[in-house]
Amino acid sequence: MPRPLSRRNLLSSLAAIPAVALLAACSDSGEKAVAQDATPAAPADAMKPADPAKPTTPAAVKAPEAQGTVDMAALLKPGALPDEQLGKDDAKVTIVEYASMTCPHCAHFHETTLPELKTKYIDTGKARLILREFPFDPSAEAGFMLARCSKDNYFPMVDVLFRQQANWAGVANTKDALLQISKMAGFTQESFEACLTDQKLLDDVRSVQKRGADEFKVDSTPTFFINGKTYKGALSIEEISAIIDPLL
């Protein structure tokens, strides 16, 4: 994996990242990346039109096959940054998501699946979601840094950045686009630049990514670990429900 840009170049690099550089934002662009793993597949239902000859009543969705397992005790050990979590510590199901802020598949999950997941499982105490940073480019690093600098508003800032992704990721001047979004979230010019020039924060974000890659073999986003089993790609609410329900 190519080493991301250093802190002193991060702000200036945001003003000149071409859109083509973000096409691999959901994958490791290194030599070891495998095509079918590098870009998570879109949900099957979105790939082909409905057959008018078939009934429209949705069939039961089968849980996707897990793509490996990890030791949950190791996964949940503290890292360079404290985990950001939705849900209760004693939930029966723990979902750990590794995501990149510039990944469209991650944005799709957070816009379409997470609201229902939150209502059905997280708010009811059945599941909790831990989000971990896995940026593939300087723009994604900047997005996560701004979310961390938002303190108690981490998830609201993540939500805004995913929903506004097309307006800042890959545009002509990402720095200015992020600044405008950040101002609406309460940042000033000074606090925005202070956040994005915080060397320790940048190092910590990169450390979270490195740990995910080295210890848990994360190589694409989004990657989910659900009670120790690995699933890659933007899961639909039907797919994630099929995984969670037997665990409750």
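Modeller: Let's start with the rule for strands: two of them pair if DSSP finds at least two bridges between them. Helices (H or I, at least four residues) and strands (E, at least two) are DSSP runs, numbered from the N terminus. Here, E2 and E3 are joined by seven bridges and run parallel. One thing before we go on: this is a predicted model, where local features need pLDDT of at least 70 and side-chain atom pairs count only at pLDDT 80 or more, while totals for chains, interfaces and linings use all residues. Residues are numbered from 1 along each chain as its sequence is written, and side-chain values use heavy atoms, with hydrogens and water left out.

Colleague: Fine. In what order do the strands of the sheet come?

Modeller: In general, strands of a sheet pair through backbone hydrogen bonds, either parallel or antiparallel. In this model five strands make an open sheet, ordered E1-E3-E2-E4-E5, with mixed pairing. Strand E1 (84-86) and strand E5 (229-232) are the edges, each pairing on one side only. On average, neighbouring strands are turned by 25° against each other, direction ignored.

Colleague: How many bridges join E1 to E3, and do they run parallel or antiparallel?

Modeller: Three bridges join E1 to strand E3 (residues 127-133), and the two run antiparallel. Gln85 has Ile130 as its bridge partner in E3, and Leu86 stands opposite Leu129. Ile95 also stands opposite Leu129 in E3.

Colleague: How many residues of E3 are buried?

Modeller: Buried means under 20% relative accessible area, exposed over 50%, and partly exposed in between (1.4 Å probe, protein chains only). Seven of the seven residues of E3 are buried, so this strand is largely enclosed by the rest of the structure. Ala127, Leu129, Leu131 and Glu133 point one way, Arg128, Ile130 and Arg132 the other, and all are buried. For the chain, buried residues make up 47% of the 248 residues.

Colleague: Which strands does helix H4 lie across?

Modeller: For angles, you fit lines to C-alpha atoms, for helices over the stretch in contact, and read from 0 to 180 degrees between N-to-C directions. Contact means heavy atoms within 4.5 Å. Helix H4 (residues 104-122) lies across E1, strand E2 (93-99), E3 and strand E4 (223-226), at about 155° to E3. Helix H6 (residues 154-163) also packs on the sheet, touching E1 and E3, and its direction makes about 70° with that of E3.

Colleague: Now the helices. What end-to-end length should H10 have?

Modeller: The expected span is 1.5 Å times one less than the number of residues. The 18 residues of helix H10 (residues 199-216) should span 26 Å, and the end C-alpha atoms are 25 Å apart, which agrees.

Colleague: Which residues of H10 are buried?

Modeller: An α-helix has 3.6 residues a turn, so residues three or four places apart point the same way. In H10, the buried residues include Leu201, Leu202, Val205, Val208 and Phe216, with polar ones such as Asp204 and Arg211 among them. Gln209 counts as buried too, at 5% relative accessibility, and its side chain reaches the backbone oxygen of Pro135 at 2.4 Å. That sits inside the cut-off for a polar contact: a pair of N or O atoms within 3.5 Å; within protein, one must be able to donate a hydrogen and the other to accept it, and residues adjacent in sequence count only if both atoms are side-chain atoms.

Colleague: Which residue caps the N-terminal end of H10, and what follows the helix?

Modeller: Asp198 is the cap, with a side-chain oxygen 3.2 Å from the backbone nitrogen of Lys200. Just after H10, Lys217 takes a positive phi of about 60°. H8 can be read along similar lines: Asn173 caps its N-terminal end, a side-chain oxygen lying 3.3 Å from the backbone nitrogen of Lys175. Gly186 follows H8, with a positive phi near 105°.

Colleague: What do the buried residues of H8 pack against?

Modeller: In helix H8 (residues 174-184), the buried residues are Thr174, Ala177, Leu178, Leu179, Ile181 and Ser182. They pack against helix H5 (138-149), H6, helix H7 (165-168) and helix H9 (189-196). For a view from the other side, take Leu146 in H5. Leu146 has 0% relative accessibility and counts as buried. Beyond its neighbours within four places in sequence, Leu146 contacts Met157, Leu178, Ser182, Phe187, Phe192, Cys195 and Leu196.
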